[in-house]
Structure formats: C-alpha cells, structure tokens
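Colleague: I should like to learn how to read a fold systematically. Could we work through one case together?

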Amino acid sequence: MAHGFLGEVSELLGKNGDQFADFLLEMEEKMTTKFKLIFVTDPPDIDLNKFQQSLPITFLVEEKEGNIYLLVETKRDDDESSQCLVERELNRHFFITCVKIKAELMRKRIVSSFIQCYAIYGELPDDISPQ
C-alpha cells in the first residue's frame, strides 16, 4: 500500500487505486521522456480521463500548474525517437475528435557552453621611445 500522495490517490480511485499508485511509482523509476501538450483551443477541449484511457500503457497524462504533460516510458531519458510515437497517437486523436494537439519535448538536461574571451590592454608608459 502506498503512502502520502500516492496513498490518497489509491483511496480516491478505490480498488484500482493501488494498481494506479504502483504504476506511478514504476513510471518514476523508469526512464521517461516528458512532452508538454499544446492545445489549439484554450482551455483544452478534451476529457483527460478518457484521453489517458485511450493511450498506450507506457503513456501517462499529468496536469501540473495549469499545463498538461505526457510522460512516455522510454529506453533512455529525453529520447527524441519517442516524438514520432507521441505524434502518431496525437494524430489518431485528431482524426477521431478533431482536437489538434501538439507535443513539445521537455528536456531534463540542457547542455550548453559559455565562452568568454578577454582582451586586456594597458597604457603605454610616458617615457616610451623607439627601440
């Protein structure tokens, strides 16, 4: 039996709550790729429970701070190849519902470099002369 937030989820969902809480724990432990879902309509014109139900078991719909995310179980974190799987599912939903959804990959790690060059110039002394 899960404790804390997952325990609350288990209680709210009843009999299937434990299975769902276990699934959430497994998703946290596995490698995932996160996508932010961008809806053409605001607010999103979709039932999130039915949307989750229609997706493969390796997809998890998550709502945080007014945004909707899709977590996809992948072989490695931030797996760009999962983009085509997500787009295939979103296209399928578009043909069924006419609700256009775009997915933006949310990277956990951003690699960048900062290059800074210095050029230090000094004054010529007052007593300078040709060599």
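Modeller: What follows moves from the overall layout to the strands and then to one helix. Please bear in mind throughout that this is a predicted model.

Colleague: Which elements does the chain contain, and in what order do they run?

Modeller: One begins by listing the elements from the N terminus. The chain has four helices and four strands, and the order is α-α-β-α-β-β-α-β.

Colleague: What share of the residues is buried, and what share of the contacts joins residues 24 or more positions apart?

Modeller: Of the 131 residues in the chain, 31% are buried. Among contacts with a separation of 6 or more, 67% are between residues 24 or more positions apart. The accessible surface is about 10300 Å², and carbon and sulfur atoms hold 53% of that area.

Colleague: Let us turn to the strands. To which strands is β1 joined?

Modeller: Bridges tell us which strands pair and in which sense. Strand β1 (residues 32-39) is joined by six bridges to β3 (residues 67-73), and the two run antiparallel. Six bridges also join β1 to β4 (residues 101-106), again antiparallel. Individual residues make the register explicit: Leu37 stands opposite Ile68 in β3, Thr33 has Val72 in β3 as its bridge partner, and Phe35 stands opposite Leu105 in β4.

Colleague: In which sense do β2 and β3 pair?

Modeller: β2 and β3 pair in the antiparallel sense, over six bridges. One of the partnerships is that of Glu62 with Tyr69 in β3. These strands form a hairpin with two residues between them, in which Glu65 takes a positive phi near 50°.

Colleague: How many of the residues of β3 are buried?

Modeller: Five of the seven residues are buried, and β3 is thus mostly covered. As a general idea, side chains in a regular strand alternate between the two faces of the sheet.

Colleague: How should I read the burial pattern of a helix?

Modeller: The general idea is that an α-helix has 3.6 residues a turn, so residues three or four places apart point the same way. In α4, the buried residues are Ser82, Gln83, Val86, Glu89, Leu90 and His93. Seen down the axis of α4, these buried residues fall within an arc of 135°, so they line one face of the helix. The face turned away from that side carries the exposed residues Cys84, Arg88 and Phe95.

Colleague: Against which elements do the buried residues of α4 pack?

Modeller: The buried residues of α4 pack against β1, α3 (48-54), β2 (59-64), β3 and β4. As to its length, α4 has 16 residues and reaches 23 Å from its first C-alpha to its last, close to the 22 Å expected at 1.5 Å a residue.

Colleague: Why does Glu89 count as buried, and which residues is Glu89 in contact with beyond its neighbours within four places in sequence?

Modeller: Glu89 lies in α4 (residues 82-97). Glu89 counts as buried because its relative accessibility is 8%, and the cut-off for burial is under 20%. Leaving aside neighbours within four places in sequence, Glu89 is in contact with Ser54, Leu55, Pro56 and Phe59.

Colleague: Are Cys84 and Cys98 buried or exposed?

Modeller: Both are classed by relative accessible area, and over 50% is read as exposed. Cys84 is exposed at 52%, and Cys98 is exposed at 62%. Cys98 comes just after α4 and takes a positive phi of about 65°. With sulfur atoms within 2.5 Å as the criterion, the count of disulfides is zero.

How values were computed
Residues numbered from 1 in each chain as written. Predicted model: local features only at pLDDT ≥ 70, side-chain atom pairs only at ≥ 80, totals over all residues. Heavy atoms only, no water. Pairing = 2+ DSSP bridges. Buried < 20%, exposed > 50% of the residue type's maximum accessible area, 1.4 Å probe, protein only. Contact = heavy atoms within 4.5 Å. Expected span 1.5 Å × (residues − 1). Arc of directions from axis to C-beta. Areas by Shrake-Rupley, 256 points an atom, 1.4 Å probe, with all protein chains shown as cover.
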